[in-house]
Amino acid sequence: MAKQEDQFKKVLSHAKEYGYVFQSSEIYDGLSAVYDYAQNGVELKKNIRDYWWKAMVQMHENIVGIDASILMHPTTWKASGHVDAFNDPLIDNKDSKKRYRADVLIEDYCAKIEGKIDKEVAKAAKRFGEAFNKEEFLATNGRVLGYQEKINTILARMGKSLENEDLEDVKLLIEELQIADPLTGSRNWTEVKQFNLMFGTQIGASADSSTQVYLRPETAQGIFVNFLNVQKTGRMKIPFGIAQTGKAFRNEIVARQFIFRMREFEQMEMQFFVKPGTQKKWYENWKETRLKWHLSLGMGAENYRFHDHDKLAHYADAAADIEFKFPFGFKELEGIHSRTDFDLKAHEEYSGKKLQYFDHEENKSYVPYVVETSIGLDRMFLAVFSNSLQEEALENGTTRTVLKLPAVLAPFKAAVLPLVKKDGLPEVARKIMNDLKWDFNVFYDEKDAVGKRYRRQDAAGTPFCITVDHDTLEDDSVTIRHRDTMEQKRVKISELKEMIKQEVEVKNWLQKM
Ligand code: GAP
């Protein structure tokens with residue numbers, strides 16, 4: 001646990017030190033759970049968004065994109081169920097006056113038991129060495145099975161109580177498990193209450209004539225209300241999808257995991273409209289497709305797992321998370337939801353407008369069913385960033401900090417470094433940079449010894465360093481150094497562009513799907 005916390009602290013400080021993420025309004029001591037993306041962060045974020053957009057929109061002729069407004073007619077949120085049901089169960093500690101999400105307290109308790117399982121696994125792996133079979137151990141070891149059963153029982157009871165709105169039982173569970181305030185150790189809890197997560201604001205000049213509106217808590221509703229507009233103007237045939245990326249806002253109470261849970265964040269969502277009765281097939285299809293997208297980035301299959309929901313949201317008939325192994329354990333990265341016809345039907349009812357599709361093959365109209373894929377861009381950023389940050393022991397006894405970002409996502413693809421700041425080397429280096437920058441984000445650096453500059457680029461996540469030396473003036477060749485292997489190669493300047501392209505081009509990564 002302490003090791004995890006250490007790793008997470010390193011992620012936070014590295015993100016700041018290397019210009020990825022800053023706390024919002026830091027000079028005023030920041031605003032809780034709100035963050036700004038800095039000069040490198042904004043590039044990484046854009047590259048993740050593009051990687052998603054290309055995979056979802058450009059590569060699917062039956063998926064198109066939109067960009068709906070953050071502010072929507074307030075009835076939208078009545079219809080979607082967010083006004084009545086977008087709540088978190090909160091509990092206050094009477095001594096510390098701190099407020100917590102009751103379900104998160106219980107989940108954290110279970111995560112601690114999971115930590116015990118991990119310890120047993122690590123111990124056994126050490127004992128059995130190469131002969132160790134993790135799957136077999138997890139399936140047969142008595143202590144591990146006991147821990148797992150405890151987790152399952154707790155989560156099943158919590159899921160059932162939340163589904164039945166039995167908040168008394170949620171409190172009882174917290175008491176039975178003797179869960180204490182993580183900050184003070186106090187077990188003096190209030191009742192559990194529901195709290196709506198939407199941010200409200202007013203539209204209009206005066207208090208009398210103003211209308212209460214909400215900052216959207218998900219981008220999906222902008223897609224639902226535009227369903228027929230897009231279908232008709234795009235002459236879309238079912239099955240088809242509408243994709244969107246954009247800001248969403250939630251008044252999160254648990255706000256302590258950096259950009260994992262923010263009050264203002266960005267979602268990348270796609271609603272796939274299908275014939276009623278085929279939703280199960282499409283749900284499975286999108287689960288598989290989305291996992292493949294993640295795996296194409298090469299961040300390790302062992303770092304992903306599916307978690308099928310026991311407790312379904314008010315709109316879903318099936319739902320699963322793709323969980324990722326963050327520095328604080330496996331947590332939700334993306335949701336795949338079979339949302340039925342709930343949203344379109346509700347908007348029909350509240351707007352009085354038909355939101356139906358005429359199926360020529362069936363010769364009838366119907367309200368389509370929807371399978372949704374929904375991923376938080378900031379969460380994906382954290383997954384990529386934390387997974388990439390590594391400390392490596394080198395052969396010469398030193399260590400290096402390296403940010404092994406997938407090259408396709410790296411903010412800068414290459415840094416051009418003249419060996420010295422004289423003898424015409426900076427001029428050649430600048431010329432190389434000016435040629436390459438038409439195709440890639442390229443960085444120029446001539447300060448400090450070249451070894452120090454390599455380290456700086458390693459830590460910033462730049463996949464290639466191109467060094468211009470005195471031989472370059474003679475043979476038009478440069479040294480290209482690979483961030484991950486530190487391997488250095490001599491190549492012709494004229495070959496640089498093609499070489500870098502092979503490594504960073506979206507096509508070459510997405511084709512791994
Ligand atoms: N339209 C469905 C929907 O919004 P969700 O599970 O509430 O479903 C989808 O959110 C994704 O959005 C999550 O898997 C997560 O990646 C991201 N997300 C949700 N709340 C977030 C928050 N407070 N901060 C950052 N990302 C968040």
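**Exercise 1. Which residues in H5 meet which residues in H8?**

Let's work through this predicted model together.

*Step 1.* Find the two helices: H5 spans residues 102-128, and H8 spans residues 167-176.

*Step 2.* Look for the residues that face each other. On the H5 side they are Ala-102, Leu-105 and Ile-106. Their partners in H8 are Val-170, Leu-173 and Ile-174.

*Step 3.* Sort these residues by class. The contact of H5 with H8 has six nonpolar residues, with no polar and no charged ones.

*Step 4.* Now describe the packing. Two packed helices are described by the angle between their axes and the distance between the axes. Here the axes of H5 and H8 come within 10 Å and cross at roughly 35°. The crossing of H5 and H8 is left-handed.

**Exercise 2. Describe the surroundings of the ligand.**

*Step 1.* Start with the neighbours. There are 22 residues around the ligand, and those that come nearest are Glu-218, Arg-250, Met-262, Glu-269 and Glu-332.

*Step 2.* Check which partners lie beside nitrogen atoms of the ligand. For Glu-269, an N or O atom of the side chain is 2.5 Å from a ligand nitrogen. With Met-262, a polar backbone atom is the partner, at 2.8 Å from a ligand nitrogen. Phe-260 also uses a backbone N or O atom, which lies 3.5 Å from a nitrogen of the ligand.

*Step 3.* Ask how covered the ligand is. On its own it has 550 Å² of accessible area, and the protein covers 93% of that.

*Step 4.* Trace the shell back to its elements. Strands S10 (264-274), S13 (329-340) and S16 (369-376) each give two or more residues to it. S13 provides the largest share, six residues.

*Step 5.* Finish with the classes: the shell divides into 10 charged, seven nonpolar and five polar residues.

**Exercise 3. Find two special spots in the backbone.**

*Step 1.* Go to the loop between helix H10 (227-233) and strand S9 (240-249), where Pro-239 has its place. The peptide bond from Ile-238 to Pro-239 is cis, and its omega is near 5°.

*Step 2.* Next, visit the loop between strands S4 (87-92) and S5 (99-101), which holds Lys-97. Although Lys-97 is not a glycine, its phi is positive, about 65°.

Methods. Residues numbered from 1 in each chain as written. Predicted model: local features only at pLDDT ≥ 70, side-chain atom pairs only at ≥ 80, totals over all residues. Heavy atoms only, no water. Near = heavy atom within 4 Å. Polar contact = N/O pair within 3.5 Å; in protein donor to acceptor, adjacent residues only side chain to side chain. Areas by Shrake-Rupley, 256 points an atom, 1.4 Å probe, with all protein chains shown as cover. Helix = DSSP H or I, 4+ residues; strand = E, 2+ residues; numbered from the N terminus. Nonpolar A, V, L, I, M, F, W, Y, C, P; charged D, E, K, R; others polar. Axes fitted to C-alpha atoms, helices over the stretch in contact; angles between N-to-C directions. Left-handed = near helix turned anticlockwise from the far one by under 90°. Contact = heavy atoms within 4.5 Å.
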